Amino acid sequence: MVRAATGQTRDADLQTLIVAVARGDQAAFKAVCAQAGPAVFGVVRAVVRDPCQTEEVCQEVLLEVWRAASRFEPGKGSALAWVTTIAHRRAVDRVRAEHRLAERQVRAAWHQVAYDEVAEAVEARLDQERVRRCLGSLTSVQRESVTLAYYGGYTVREVATLLAAPEGTVKTRMRDGLIRLRDCLGAR
Amino acid sequence: MRTPRRPEPHTLAGAYALDAIDGPDRARFERHLARCPACTAELRELREATARLAGAAAADPPADLIEHVVAAWSGRPTRLRT
């Protein structure tokens, strides 16, 4: 499929660039920022929400990408996964340092709406429609557990409170949901 | 009343991939990961799925954000906009 091949080619480019960054290549770092910037910005903005803090966290993430580039192992997963793992971790660590559950609970009701707004506001990207369709193939509890955690930055305990479900159930739904998402996205 | 059974660590790969566990739980799962190749392999695959979630939310960052990062990286002071 052309679309999948294009995604793989882009990721191969990003891998090559990160390896070059590890060697201190300044032009490569600019290219990494240009190529991975939109995904980093998107995920950090979804979790952090505040525009100023979003920018701060994005800067921290990209500088961490530079510092950690020498630890990137191309054989162990995609470059995009490596970068977005750093971005998501930084984003959730920021919001958890800032907010307590009581405050964040208020925001929970509109989080799904917020995600839809974000997704719709963005111009159609390579993969977006497919991801939305695959999220739609999850059960509602799987989808809520995955999206509250990923886009909302909520912990298992918080998601369990929000969905009035046992923590063990939420952990299982997160795993099952991601496995189903992976299978759906991987299918040609 | 039934005592809740402590979940097996390898069921936590999903929650860990979503950064939904932290503190001692995160550290405990990371120790488990170090000696569980099956969980390491599963986590790698689940992170490809979360990367696609990030990709689906992608949006153009403000233009000066990247400029600031590159300036910080190269050790030059950021030029103020006039």
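**Helix packing between chains A and B**

Good morning. I begin with one crossing: helix α3 of chain A, α3(A), passes helix α4 of chain B, α4(B), in a right-handed manner. A crossing is left-handed if the near helix is turned anticlockwise from the far one by less than a right angle, and right-handed if clockwise. Helices here are DSSP runs of H or I with at least four residues, strands are E runs of at least two, and both are numbered from the N terminus.

The model is predicted: local features need pLDDT of at least 70, side-chain atom pairs count only at pLDDT 80 or more, and totals for chains, interfaces and linings use all residues. Residues are numbered from 1 along each chain as its sequence is written, while chains are lettered from A and ligands numbered from 1 in the order in which they are written.

Let me return to that first pair. Helix α3 of chain A covers residues 51–68 and helix α4 of chain B covers residues 63–73; their axes come within 10 Å and cross at roughly 45°. The axes are lines fitted to C-alpha atoms, for helices over the stretch in contact, and angles run from 0 to 180 degrees between N-to-C directions. The two helices are therefore oblique to each other; under 35 degrees would count as roughly parallel, over 145 as roughly antiparallel, 65 to 115 as roughly perpendicular, and the rest as oblique.

Which residues of α3(A) and α4(B) meet? From α3(A) they are A:Glu55, A:Cys58, A:Gln59, A:Leu62, A:Leu63 and A:Trp66, and from α4(B) they are B:Leu65, B:His68, B:Val69, B:Ala72 and B:Trp73. Contact is defined by C-beta atoms, placed from the backbone, that lie within 7 Å. By class, this patch holds 8 nonpolar, 2 polar and 1 charged residues. In that scheme Ala, Val, Leu, Ile, Met, Phe, Trp, Tyr, Cys and Pro are nonpolar, Asp, Glu, Lys and Arg are charged, and the others, Gly among them, are polar.

I turn to a second pair of helices. Helix α7(A) packs against α3(B) at an angle of about 120°, with the axes 9 Å apart. That angle makes α7(A) oblique to α3(B), and the crossing is left-handed. Here A:Gln128, A:Val131 and A:Arg132 meet B:Arg52, B:Leu53, B:Gly55 and B:Ala56. This contact comprises 3 nonpolar, 2 polar and 2 charged residues.

Another residue of α3(B), which spans residues 37–56, is B:Ala51. Is B:Ala51 buried or exposed? B:Ala51 counts as buried because 27 C-beta neighbours lie inside 10 Å; the cut-offs are 20 or more other C-beta atoms within 10 Å for buried, 12 or fewer for exposed, and partly exposed in between. Leaving aside residues up to four places away in sequence, B:Ala51 touches A:Ser78, A:Leu80, A:Ala81 and A:Thr84.

Now the interface as a whole. Chain A contributes 57 residues and chain B contributes 40 residues. On the side of chain A that touches chain B, several elements give two or more residues, including α2 (26–48), α4 (79–98) and α10 (167–186) of chain A. The largest share, 13 residues, comes from α2(A). That side of chain A has 31 nonpolar, 14 polar and 12 charged residues.

Chain B itself consists of 4 helices and 0 strands. Of its 82 residues, 35% are buried. Helix α2(B), residues 23–34, is hardly covered, with 1 buried residue among its 12. For those 12 residues, 1.5 Å a residue predicts a span of 16 Å, and the end C-alpha atoms are 17 Å apart, which agrees; the expected span is 1.5 Å times one less than the number of residues.

Finally, two backbone points in chain A. A:Arg49 sits in the loop between α2 and α3 of chain A, and this non-glycine residue has a positive phi of about 70°. A:Arg49 is partly exposed, with 16 other C-beta atoms within 10 Å. Its C-alpha lies 9.4 Å from that of A:Gly152, although the two residues are 103 apart in sequence. A:Ala164, in the loop between α9 and α10 of chain A, also is not a glycine and has a positive phi near 50°. A:Ala164 is exposed, with 6 other C-beta atoms within 10 Å.

Thank you.

Terms used
Contact = placed C-beta atoms within 7 Å.
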